[in-house]
Amino acid sequence: MLKVTSLNINGIRAAERKGFFEWMDTHDADILCLQETRISDADIKEHMRNREGYKSAFNPAEKKGYSGVALYYKGNPDISVGMGCDEFDPEGRIIQATWDDLTIVSAYLPSGSSSEERQAAKFRFLDKFGPWIDEMMQHHRDTGHEYIICGDWNIAHKEIDIKNWRGNLKNSGFTPEERAWMTHLFEERGFVDVFRQLNQEADQYTWWSNRGRAWDNNVGWRIDYQISTPGIAAKAVSTEIYKAERFSDHAPLTVLYDLPKEKYIG
């Protein structure tokens with residue numbers, strides 16, 4: 001089984017203080033995708049780069065203390081960053097690991113909640129991101145190469161994916177336009193929401209506001225996903241949202257895939 005975990009860490013240094021690395025060492029994912037690392041390259045400490053049994057790759061944002069993505073992995077994939085976009089690549093939003101027949105992406109899509117300007121930027125990102133992942137799907141159809149896009153998409157797709165859906169219909173992350181983009185992703189672009197394939201239950205969330213008692217009352221949003229090409233989606237056998245400990249305002253999302261682990265961890 002190949003164990004793939006994704007987590008918006010909301011600051012790797014803050015998460016470290018909450019026991020993240022101790023959990024990571026025992027959790028033992030084969031590939032761990034992080035978003036919102038909020039750390040510049042010069043500030044990444046040796047113990048962050050080199051965890052026992054892992055290699056790592058970081059794609060920090062140019063802006064200090066902002067965005068950034070990372071991968072921890074065990075094999076020898078090719079690593080690349082960005083999606084060839086002058087506006088968003090400097091924000092450190094994409095990093096990917098590619099093996100012979102599999103690519104795993106850690107993606108941090110913009111939030112639009114802070115202002116109308118950032119919401120407009122979010123839609124510009126989606127306009128670039130869509131064709132970029134369309135190329136993945138075309139490559140999958142042509143060659144059988146599989147893709148898993150892990151990350152914080154900052155969009156809850158359906159009413160089941162957000163506790164207070166009626167009160168958020170006009171809010172960033174649950175607007176009709178964003179939800180329609182996600183529907184198009186699954187119904188037209190052909191990608192699969194792996195978690196929902198395995199778990200159709202309500203009240204399954206990955207992010208909780210720090211306001212009020214959202215965590216205590218499980219007033220959350222499901223905005224973190226593993227979205228994949230159909231072939232590897234069919235090999236997903238179990239999934240978990242880990243809530244026993246908190247390292248961030250997001251929870252780790254793990255999927256086990258029925259794939260030969262030794263092929264990818266080396």
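These legends accompany close-up views of a predicted model.

**Figure 1. Overall view of the chain, with 8 helices and 14 strands.**
The chain has 266 residues, and 56% of them count as buried. Its radius of gyration is 17 Å, which agrees with the value near 18 Å for a compact globule with 266 residues. Along the principal axes, the C-alpha atoms fill a box of roughly 50 × 45 × 40 Å. Among contacts with a separation of 6 or more, 70% come from residues 24 or more positions apart.

**Figure 2. Packing of helix H4 against helix H5.**
H4 covers residues 116-143 and H5 covers residues 176-187. The two pack at an angle of about 10°, and their axes are 12 Å apart. H4 is therefore roughly parallel to H5, because angles under 35 degrees count as roughly parallel. From H4, the contact takes in Gln 119, Lys 122, Phe 123, Leu 126, Phe 129, Gly 130 and Ile 133. From H5, Glu 177, Glu 178, Trp 181 and Leu 185 meet them. By class, the residues of this contact are 6 nonpolar, 2 polar and 3 charged.

**Figure 3. Arg 141 in helix H4.**
Arg 141 has a relative accessible area of 52%. It is therefore exposed, because the class begins over 50%. Leaving aside neighbours within four places in sequence, Arg 141 is in contact with Arg 189 and Gly 190. Gly 130 is 11 residues from Arg 141 along the chain, and their C-alpha atoms are separated by 16 Å. Gly 130 also belongs to the H4 residues that meet H5.

**Figure 4. Arg 196 in helix H6 and its polar contacts to backbone oxygens.**
Helix H6 spans residues 194-198 and holds Arg 196. The relative accessibility of Arg 196 is 15%. Arg 196 therefore counts as buried, because the limit for buried is under 20%. A polar atom of the Arg 196 side chain lies 2.8 Å from the backbone oxygen of Asn 199. The backbone oxygen of Glu 201 lies 3.0 Å from a polar atom of the Arg 196 side chain. Setting aside neighbours within four places in sequence, Arg 196 is in contact with Ile 160, Asp 161, Glu 201, Gln 204 and Arg 222. Glu 201 thus appears both in that list and as a backbone partner of the side chain.

**Figure 5. Gly 220 in strand S11.**
Strand S11 consists of residues 220-221. Gly 220 is buried, at a relative accessible area of 1%. Its contacts beyond four places in sequence are Asp 161, Ile 162, Lys 163, Tyr 205, Trp 207 and Trp 208. Asp 161 is also in contact with Arg 196. The C-alpha atom of His 250 is 9.6 Å from that of Gly 220, with the two positions 30 residues apart along the chain counted as their separation.

**Figure 6. Ser 228 in strand S12.**
Residues 224-228 form strand S12, which includes Ser 228. Ser 228 counts as buried, at 0% relative accessibility. Its side chain reaches the backbone nitrogen of Ala 233 at 3.5 Å. Not counting residues up to four places away in sequence, Ser 228 touches Tyr 147, Ile 148, Phe 191, Val 192, Val 194 and Ala 233. Val 194 lies in the residue range of helix H6.

**Figure 7. Ser 80 in strand S5.**
Strand S5 runs over residues 78-81. Ser 80 is partly exposed, with a relative accessible area of 30%. Ile 95 and Gln 96 are in contact with Ser 80, leaving aside neighbours within four places in sequence. The C-alpha atoms of Ser 80 and Ile 94 are separated by 8.5 Å. These two residues are 14 residues apart along the chain.

**Figure 8. Positive phi at Asn 10 and Arg 38.**
Asn 10 is not a glycine, yet its phi is positive, at about 50°. Asn 10 is found in the loop between strand S1 (2-8) and helix H1 (12-17). Arg 38, also a residue other than glycine, has a positive phi near 55°. The loop that holds Arg 38 is between strand S2 (31-35) and helix H3 (46-49). Arg 38 is partly exposed, at a relative accessible area of 34%.

Conventions. Residues are numbered from 1 along each chain as its sequence is written. This is a predicted model: local features need pLDDT of at least 70, side-chain atom pairs count only at pLDDT 80 or more; totals for chains, interfaces and linings use all residues. Side-chain values use heavy atoms; hydrogens and water are left out. Helices (H or I, at least four residues) and strands (E, at least two) are DSSP runs, numbered from the N terminus. Buried means under 20% relative accessible area, exposed over 50%, partly exposed in between (1.4 Å probe, protein chains only). Axes are lines fitted to C-alpha atoms, for helices over the stretch in contact, and angles run from 0 to 180 degrees between N-to-C directions. Angles under 35 degrees count as roughly parallel, over 145 as roughly antiparallel, 65 to 115 as roughly perpendicular and the rest as oblique. Contact means heavy atoms within 4.5 Å. Ala, Val, Leu, Ile, Met, Phe, Trp, Tyr, Cys and Pro count as nonpolar, Asp, Glu, Lys and Arg as charged, and the others, Gly among them, as polar. A polar contact is a pair of N or O atoms within 3.5 Å; within protein, one must be able to donate a hydrogen and the other to accept it, and residues adjacent in sequence count only if both atoms are side-chain atoms. The radius of gyration is taken over C-alpha atoms; the globule rule is 2.2 Å times the number of residues to the power 0.38.
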